[in-house]
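Q: Please take a close look at a single part of this model, the helix H3 and what surrounds it. I would like one connected account.

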Amino acid sequence: MNNIIEIENLFFSYDKQYILEDINLNISNDDFLAIIGPNGGGKSTLLKLILNILNFNKGKIKKHLKKDEIGYVPQNTNLNIDFPITALEVVLMGHISKKKKLFGYSKEDISCAMQSLKQVSMESFANKKIGDLSGGERQRVFIARALCSNPKLMLLDEPTASIDVKGQNEIYELLKDLNKSISIVVVSHDISVLLNYAKNVAHVNKKLVYHHLENIEKEYNPTEEHLCEVELLSALGKKQVSCNSLHK
Ligand SMILES: Nc1ncnc2c1ncn2[C@@H]1O[C@H](COP(=O)(O)OP(=O)(O)OP(=O)(O)O)[C@@H](O)[C@H]1O
């Protein structure tokens, strides 16, 4: 097990107030890390700092990865679903940015994109319009796009928002499979589903509290019982948190 991301004493602010304060976090090459926390806690901001979309004020982010070895599935991929584009074309967009081509796709691009669609079991949907797919199918296509560059780390921001429980489980089963060769980091509010898959949890609310999940007894059955962040953290028995502070 090797660390591929090492974050040390990181501070970030959009204006005067710190959104993230003294963040320390290591992500290993075989990790499945869940980033949880309240709305506005700084989870998406942390992903954007790892991706260099934002610049931090103080601290360090050491990356033992090349730039295109990080795949990203952003939040709100349901936007613009009326745009007349096929699943294959969405995935090819991942290839275009990589190879900096302006026009057309080579046979090689198309076969690579089909391979990515196959990895997420969506190859038979290649020529379907993205707007005609279900939320879960569409999300798999966006995961396929992020797989184009053969990433060693995949960051996903709320990949199961507005997807039903069955669809959520299918996405997490897919991520579990990808986790055999790719380190996975997922921002999610779906704690009960995530608990079945995550190896580690980072609770982010300006500061970061880290938990290993490997030795936690799964006393809850997440398919039958909704587990909120407060219950999760008290189940971990390591951190007393108040409901009010988490649900503000
Ligand atoms: N571009 C921006 N400029 C100024 N403030 C911002 C900007 N983007 C986010 N913020 C603020 O930074 C804080 C952290 O936002 P962020 O999106 O990282 O939270 P989050 O934990 O991902 O929230 P959610 O669970 O609601 O997606 C919020 O208070 C938000 O309003």
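A: A nonpolar core here is a set of buried Ala, Val, Leu, Ile, Met, Phe, Trp, Tyr and Cys residues joined through C-beta atoms within 7 Å. The model is predicted. Its largest nonpolar core has 60 residues, and Ile35, Ala87, Val91 and Val186 are the ones that touch the most other members. Helix H4 (residues 135–147) supplies the largest share of this core, six residues.

Val91 leads from the core to H3. Apart from neighbours within four places in sequence, Val91 is in contact with Ala113, Ser116, Leu117, Val141, Ala144, Arg145 and Cys148. Among the buried residues of H3, which are Cys112, Ala113, Ser116 and Leu117, three therefore recur in the contact list of Val91: Ala113, Ser116 and Leu117. The buried residues of H3 cover an arc of only 145° around the axis, so they sit on the same side of the helix. The face turned away from that buried side carries the exposed residues Lys107, Glu108 and Ser111.

The length of H3 can be checked as well. H3 runs over residues 107–119, and at 1.5 Å a residue its 13 residues should span 18 Å; the expected span is 1.5 Å times one less than the number of residues. The end C-alpha atoms are 18 Å apart, which agrees. Just after H3, Ser121 takes a positive phi of about 55°.

Positive phi values also occur elsewhere. Glu158, a residue other than glycine, has phi near 50°. Glu158 lies in the loop between strand E6 (153–157) and helix H5 (165–178). Glu158 counts as buried because it has 20 C-beta neighbours inside 10 Å, and 20 or more is the cut-off for that class. Lys206, also other than glycine, has a positive phi near 70°. Its place is the loop between strand E8 (200–205) and strand E9 (207–212). With 17 C-beta neighbours inside 10 Å, Lys206 counts as partly exposed.

The ligand shell completes the account. The residues around the ligand are Tyr14, Ile19, Gly37, Asn39, Gly40, Gly41, Gly42, Lys43, Ser44 and Thr45. By class, two residues of this shell are nonpolar, seven polar and one charged. Helix H1 (residues 43–50) gives the largest share of the shell, three residues.

Key: Residues numbered from 1 in each chain as written. Predicted model: local features only at pLDDT ≥ 70, side-chain atom pairs only at ≥ 80, totals over all residues. Near = placed C-beta within 6 Å. Helix = DSSP H or I, 4+ residues; strand = E, 2+ residues; numbered from the N terminus. Nonpolar A, V, L, I, M, F, W, Y, C, P; charged D, E, K, R; others polar. Buried ≥ 20, exposed ≤ 12 C-beta atoms within 10 Å, placed from the backbone. Arc of directions from axis to C-beta. Contact = placed C-beta atoms within 7 Å.
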